[in-house]
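Biologist: I am new to this structure and would like to know what stands behind the words used for it. Please show it first.

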Amino acid sequence: MPRITLTDLYKMKETGEKIAWLTSYDFPTAQFGQAAGLEMILVGDSLGMCVYGYNGTLPVTMEQCLVHSEAVRRGAPDVFVVGDMPFLSYQTTDAEAVYNAGMFLKRADVDAVKLEGGVRIVSRIKAITEAGINVIGHIGLTPQSSGQLGGHKAQGRTAEAAKLTLEDAVAVQEAGAKMLLVEAIPPEVTEVIHKTLTIPVLGIGGGLPCDGQLLIVSDLIGQFQAFTPKFVKKYANVAEVITKAISSYVKDVKAEKFPGADHVYKMLPGEADKFLKLVGQKPAAKPSGGKKK
Ligand code: KIV
């Protein structure tokens, strides 16, 4: 199957077919995601919490994002993969933002990069776009600036705040972004943004009135334990499945039930006795083979 392109995603917006977008951080999960029919994968900086056990996304480095993006691209060659620009990879200067965005393309062959922020990062979006790289904007709750937002809180909940969120959305589109992600805002605000913009608008915690949905895979499969945002729907509980499997293994090891006869390699016929002779040990007595007649 050919790789999904921006043109395909724009067609889906036109026809009203919803876009399914999920994070992924590794090769096998990316393979599962492609097989399951995802159109888009985000190699999110949420990998800081979901993979590395950090408290938030701020410690995540470019190198970590690149290495995980490379693995995801290998697992999902046909999916539209988005590299998430980590904290301090684009906040400093336009030039640094372009260089780091370019590294995602050079190293991991991603189809777009995602940046957090609205009005205040317009020059970064313009610069990256002018370098020929697809940008996806991300507004509403932007975890990299959660310190300024008063924590991981829903945004745009008052009329004034909602108007600012809309202004961010318009600024991101005007700067040249090819798509917009809205996070943790009320559906009424998502709907106005969706009606106002011409680019596809996707939501994570933005409700239904947009062109598609994003979730974090570790939440969806029930792997991430620290907290569960309101917008998450858990489709599985792999934490329970994995813990049960490991605890069964621990029990089997202690009880010498593992490895069993099926899990060991057999010596070639006659070689075991020869080997024991060779090392000066007696062959084990053969089982009697049942009652003699
Ligand atoms: O890093 C990530 O997974 C994200 C989502 C929270 C939108 O940016």
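The questions below take up some of those words in turn.

Biologist: What kind of model is this?

Modeller: This is a predicted model.

Biologist: Why is I246 called partly exposed?

Modeller: I246 has a relative accessible area of 49%. Partly exposed covers values between under 20%, which is buried, and over 50%, which is exposed. Therefore I246, at 49%, counts as partly exposed.

Biologist: Where is I246 placed, and which residues make the nonpolar surface patch with I246?

Modeller: I246 lies in helix α11, residues 238-254. The patch is made by I242, I246, Y249, V250, V253 and F258, and has an area of about 520 Å². A residue needs over 30% relative accessible area to be in a patch, and I246 has 49%.

Biologist: What makes E256 exposed?

Modeller: E256 has 72% relative accessibility. Exposed means over 50%, so E256 counts as exposed. E256 sits in the loop between α11 and α12, and its phi is positive, about 55°, although E256 is not a glycine.

Biologist: And why is D109 partly exposed?

Modeller: The relative accessible area of D109 is 37%. That value is neither under 20% nor over 50%, so D109 is partly exposed. D109 is found in the loop between α5 (94-108) and β4 (112-116). Phi of D109 is near 55°, a positive value in a residue other than glycine.

Biologist: What is found at the bond between F258 and P259?

Modeller: A cis peptide bond joins F258 and P259, with omega about 0°. P259 is in the loop between α11 and α12 (271-278).

Biologist: What makes strand β6 mostly covered?

Modeller: In β6, residues 179-183, 5 of 5 residues are buried. M179, L181 and E183 point one way, L180 and V182 the other way, and all are buried.

Biologist: How do you know that β6 pairs with its partner strands?

Modeller: Pairing needs at least two bridges. β6 has 5 bridges with β5 (residues 135-140), in the parallel sense, and 4 with β7 (residues 201-204), also parallel. Both counts reach the cut-off, so both pairings stand. I139 stands opposite V182 in β6, and L181 of β6 stands opposite L202 in β7.

Biologist: Which residues touch the most other members of the largest nonpolar core?

Modeller: M40, V113 and I193 do, in a core of 71 residues. Leaving aside neighbours within four places in sequence, M40 is in contact with residues including L9, W21, F80, I136, M179 and L202. In soluble globular proteins, nonpolar side chains tend to be buried together.

Note on methods: Residues numbered from 1 in each chain as written. Predicted model: local features only at pLDDT ≥ 70, side-chain atom pairs only at ≥ 80, totals over all residues. Heavy atoms only, no water. Core = buried A, V, L, I, M, F, W, Y, C linked by side-chain atoms within 4.5 Å. Buried < 20%, exposed > 50% of the residue type's maximum accessible area, 1.4 Å probe, protein only. Contact = heavy atoms within 4.5 Å. Patch = residues over 30% accessible without salt bridge, like charges linked within 9 Å, V, L, I, M, F, W, Y side chains within 5 Å. Areas by Shrake-Rupley, 256 points an atom, 1.4 Å probe, with all protein chains shown as cover. Salt bridge = Lys/Arg side-chain N within 4 Å of Asp/Glu carboxyl O. Helix = DSSP H or I, 4+ residues; strand = E, 2+ residues; numbered from the N terminus.
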